[in-house]
Amino acid sequence: MTNINLTRETNFISLLHILFSSVNNRLKYEIKVTCRVISSNALISIAPGVGMSIISLLHHHHNAQDDYEYASLQHCILTALQSLLYFCLWIFLFDLGNQIIGVEEDKLNKPTRPIPSGFLSVCGAMKRYWISMFLLCRYGYFLGIFLYTMAWIATQAIYNYTSMSKHWFSKNIIFISVSIICQLSAAWLISSSSIPDVAQMWIFFLAFLECVTFLAQDMRDVEGDRKIGRNTLPVAIGIDYCRSALFCIFLVLCPFSLLFYLLTLRFLVAVCCAFFCSMWRGSGG
């Protein structure tokens with residue numbers, strides 16, 4: 001009887017070990033897939049979103065009426081983690097959808113991506129695409145930013161599954177501006193109930209700057225864009241004219257940016273003060 005019980009315990013422990021190893025291996029694989037999918041866009045999508053959420057939190061507490069109740073360090077960390085998870089799902093959905101429809105192009109230009117390298121199948125990518133969309137919807141609803149979440153889902157679907165990405169105006173002006181507005185507005189509302197006018201000004205200004213930046217980015221691969229039929233601005237008007245046009249735009253933007261900065265300086269100083277007060281309070285000062 002003792003031997004039978006011992007055998008059962010051994011089998012149970014072995015079963016638990018196999019189950020744990022299976023879950024552990026699956027988790028490691030999914031983390032690798034996620035990192036490889038979002039590796040090229042993680043910094044420009046996650047960092048601004050997390051940063052804007054923390055700024056929103058600090059601004060909200062700085063303007064609180066209860067004797068300047070500054071946000072604690074723990075509250076900042078919690079907000080950063082909530083925003084980090086949201087924007088990981090946010091960019092994973094876009095990048096995975098973009099890579100599903102761009103397999104042939106990636107085989108030529110980016111063969112290390114998960115699908116062309118054989119690390120992930122198209123079928124597996126499609127399953128993860130729909131699962132991540134569902135999770136993003138649910139999490140966006142939980143955070144109270146459901147409308148901006150749905151706007152982003154619709155925007156990335158239109159971009160990935162229509163010819164929107166083939167023309168410089170729809171790609172760099174419409175898509176980039178809408179995506180930046182959705183991104184930064186959602187980030188602000190993660191830790192606040194409304195967006196003040198000065199924050200809206202910065203969001204629209206940054207969206208405009210991103211449009212110009214992405215126009216400049218298209219000058220890197222003119223020949224590759226020509227081969228796949230993508231009508232970027234350098235392809236449409238020539239790289240020399242594109243450089244001249246962007247130079248003129250940046251020339252106008254420099255004094256305008258300085259003026260805009262000075263007009264909103266009070267807002268930036270208030271946020272910085274709130275940040276340092278939060279750090280001082282969090283460190284026990």
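This is a short chat about the salt bridges in a predicted model.

Reader: Hi! How many salt bridges are there?
Author: Hello! The count comes to 2 salt bridges.

Reader: Which side chain does R26 meet in a salt bridge?
Author: That partner is E30, and the N to O distance is 3.0 Å.

Reader: Nice. Where do E30 and R26 sit along the chain?
Author: Both belong to helix α1, which covers residues 2-38. They are 4 residues apart there, so about one helical turn separates them.

Reader: And what else does E30 form a salt bridge with?
Author: With R128, and the closest N and O atoms of that pair are 2.7 Å apart. This pair links distant parts of the chain, since E30 is in helix α1 while R128 is in helix α5 (residues 122-143), 98 residues apart.

Reader: Cool! Which residues make up the network of salt bridges, then?
Author: R26, E30 and R128 are linked in it.

Reader: Why can side chains like these pair at all?
Author: Side chains of opposite charge can pair when their charged atoms come close.

Reader: Changing topic: is R128 buried or exposed?
Author: R128 counts as buried, because its relative accessibility is 16% and the cut-off for buried is under 20%.

Reader: What about the relative accessible area of E30?
Author: For E30 the value is 24%, so E30 is partly exposed.

Reader: And what is the value for R26?
Author: R26 is partly exposed too, with a relative accessible area of 46%.

Key: Residues are numbered from 1 along each chain as its sequence is written. This is a predicted model: local features need pLDDT of at least 70, side-chain atom pairs count only at pLDDT 80 or more; totals for chains, interfaces and linings use all residues. Side-chain values use heavy atoms; hydrogens and water are left out. A salt bridge is a side-chain nitrogen of Lys or Arg within 4 Å of a carboxyl oxygen of Asp or Glu. Helices (H or I, at least four residues) and strands (E, at least two) are DSSP runs, numbered from the N terminus. Buried means under 20% relative accessible area, exposed over 50%, partly exposed in between (1.4 Å probe, protein chains only).
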